[in-house]
Amino acid sequence: MVLLRRVIGDALRARRQGQHRTLREVSTAANVSLGYLSEIERGQKEPSSELLAAICDALGARLSELLREVSDTVALAEQLPGVLMPVQDEPATAGTVRKATGRGVRQVTTDGAVAVSVRQDSPLKATLRSARVRPTDRDVVCAA
């Protein structure tokens with residue numbers, strides 16, 4: 001099962017780190033305690049809509065942008081076998097890589113714009129990570 005609070009926390013942390021800002025800077029700007037913001041980013045606490053809006057404002061992001069990113073991540077995770085339903089012995093779908101690790105099953109998928117990595121720790125616990133895919137030199141088409 002994908003926990004929404006974890007996906008939200010990952011998205012907030014990625015935005016903050018992308019701006020090279022500290023937890024302290026963002027917590028002060030959002031008027032939330034540093035410890036509570038840390039718990040939100042780690043997916044341990046689920047922020048209220050008001051608090052989420054304040055954190056987005058402190059990060060200079062629109063709430064709708066953050067929620068769209070979270071929605072895209074969850075939508076991709078839903079396509080991975082075993083994230084919302086138990087993993088069976090079916091083959092991985094196109095664009096998906098699955099391998100067993102010491103910490104459970106790990107799956108990675110991409111739609112070309114977003115890559116999602118899921119580590120299935122147990123039937124009821126999954127760790128979800130997402131990242132924007134950046135085009136490489138191989139992906140760039142040059143017109144002559």
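Helix axes here are lines fitted to C-alpha atoms over the stretch in contact, and angles run from 0 to 180 degrees between N-to-C directions.

**Entry: the helix pair**

I'm working from a predicted model, and I went to α4 and α5 before anything else. Helix α4 covers residues 49-58 and helix α5 covers residues 63-79. I find their axes coming within 9 Å, with a crossing angle of roughly 105°. Angles of 65 to 115 degrees count as roughly perpendicular, so α4 sits roughly perpendicular to α5.

Which residues make the contact? From α4 I note L52, A53 and C56, and from α5 I note L63, L66 and L67. I then sorted the residues of this contact by type: six are nonpolar, with no polar and no charged ones.

**Entry: overall layout**

I counted secondary structure next and got five helices and four strands. Along the sequence the pattern reads α-α-α-α-α-β-β-β-β. The protein has 144 residues, and I log 33% of them as buried. For accessible surface I have about 9100 Å², with carbon and sulfur atoms holding 52% of that.

I also looked at contact range. Taking contacts with a separation of 6 or more, 45% are between residues 24 or more positions apart.

**Entry: L3**

L3 is in the segment before α1, a helix that spans 4-18. Is L3 buried, partly exposed or exposed? The relative accessibility is 25%, and the buried class needs a value under 20% while exposed starts over 50%, so L3 goes down as partly exposed.

I checked L3 against Q44 too. The two residues are 41 apart in sequence, yet their C-alpha atoms are 9.9 Å apart in space.

**Entry: how far to trust it**

Mean pLDDT for the protein is 75, and 55% of the residues reach 70 or more. Where is confidence highest, and where is it lowest? The top goes to helix α2 (residues 23-30), at 97, and the bottom to strand β1 (residues 96-101), at a mean of 49.

Two stretches got a flag from me. Residues 84-94 have pLDDT below 50, and the model gives this stretch 12 contacts beyond near neighbours in sequence. Residues 137-144 also stay under 50, and there I find zero contacts beyond four places in sequence.

A reminder to myself: predicted coordinates should not be read in detail where pLDDT is low. I'm therefore leaving the fine geometry alone wherever that applies.

Terms used:
Residues numbered from 1 in each chain as written. Predicted model: local features only at pLDDT ≥ 70, side-chain atom pairs only at ≥ 80, totals over all residues. Heavy atoms only, no water. pLDDT = per-residue confidence, 0-100. Helix = DSSP H or I, 4+ residues; strand = E, 2+ residues; numbered from the N terminus. Contact = heavy atoms within 4.5 Å. Buried < 20%, exposed > 50% of the residue type's maximum accessible area, 1.4 Å probe, protein only. Areas by Shrake-Rupley, 256 points an atom, 1.4 Å probe, with all protein chains shown as cover. Parallel < 35°, antiparallel > 145°, perpendicular 65-115°, else oblique. Nonpolar A, V, L, I, M, F, W, Y, C, P; charged D, E, K, R; others polar.
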